[in-house]
Amino acid sequence: MTSLAVMELNNNNTTNVDESRNQGSEKYLRELTKTFTGIDKPLKNARQCETLTDLSGELRKTFDSDHVNIEYVNHLMLSYQSNPAEWRKFAKFDRYRYTRNLVDAGNGKYNLMILCWNEGHASAIHDHADSHCFMKMLKGQLMETRYAWPKDATVTEDKQADIGNGQTGGEEIEYNGDELEELSRSTLETNGVCYINDTLGLHRVENPSHTDVAVSLHLYCPPFDVCSIFNKKDGKRTKCKVTFWSKFGKREPTNLN
């Protein structure tokens, strides 16, 4: 066997090992959503992230493990204090809808992103595809409303469904379901952090202000590009693709006018 063939074989073996490791790590993270409910305060004697760069770097180190300490991830999000000079280059606004702006793809193990909300902007009611969702306020306020899962688990697909502006589909189809049960409402202030996963329910996030914008930092692990959105009145569930308005501070071509 030639040296080139040996190198190719070794590379293939390494790729297979990495894929297997990532799958194991992803399975472990999804299992944690069944029991983890979040922490309210930073951990004592744990490292503090003073800058957004520190946060991103420490997250990468943490997610390099096959068994991620999700409580420590929560701590890191709590420890970082918002500094507009650090995140302003990632903050891209749209006049019609809130935007999702990727900051760090996390080697495929998580997504760290900044969401920008103009006055009155809101998401649809949605789930998190069996992933962890951490949300930290960088500027302004956001109101989170949580809902219980509908009794009917039927899923429909509609290419016009859009999590970004509350659309639950293009074609109106009669659906006889019960109205979603509201569980709680809370307001997240600057530097506050909230946590949700599918075991804890669904949620809707909105900027309640008619005069001020809001900016939030979100971490999703494992990352996902499809989730479900829900109609509040009847619980109708629709699959929805989620996309980025920008990546690493640059607009995505599909979002250019």
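Mentor: In this predicted model, rings of Phe, Tyr and Trp pair if their centres lie within 6.5 Å. F36, F134 and Y195 form one aromatic cluster.

Trainee: Why is the pair of F134 and Y195 called tilted?

Mentor: Their centres are 4.9 Å apart, and the limit is within 6.5 Å, so they pair. The planes make 45°. Stacked needs under 30 degrees and edge-to-face over 60, therefore this pair is tilted.

Trainee: Which parts of the chain does that pair link?

Mentor: Distant ones. F134 sits in strand β4 (residues 132-139) and Y195 in strand β8 (residues 193-196), 61 residues apart. F134 and Y195 are both buried.

Trainee: What makes the pair of Y220 and F224 edge-to-face?

Mentor: The angle between the planes is 70°. Edge-to-face means over 60 degrees, so the name fits. The centres are 5.4 Å apart. Y220 and F224 are buried too.

Trainee: How many aromatic pairs does this rule give?

Mentor: The count is 6.

Trainee: What makes β8 and β14 edge strands?

Mentor: Each pairs on one side only. The open sheet has 7 strands, in the order β8-β4-β10-β2-β1-β13-β14, with mixed pairing.

Trainee: How do you know that β4 and β10 pair?

Mentor: Pairing takes at least two bridges, and these strands have 7, so they pair. The sense is antiparallel. One bridge joins K139 to V215 in β10.

Trainee: Which strands does helix α3 touch?

Mentor: Helix α3 (residues 70-79) touches β2, β4, β8 and β10. Its direction makes about 10° with that of β4.

How values were computed. Residues are numbered from 1 along each chain as its sequence is written. This is a predicted model: local features need pLDDT of at least 70, side-chain atom pairs count only at pLDDT 80 or more; totals for chains, interfaces and linings use all residues. Side-chain values use heavy atoms; hydrogens and water are left out. Helices (H or I, at least four residues) and strands (E, at least two) are DSSP runs, numbered from the N terminus. Buried means under 20% relative accessible area, exposed over 50%, partly exposed in between (1.4 Å probe, protein chains only). Contact means heavy atoms within 4.5 Å. Axes are lines fitted to C-alpha atoms, for helices over the stretch in contact, and angles run from 0 to 180 degrees between N-to-C directions.
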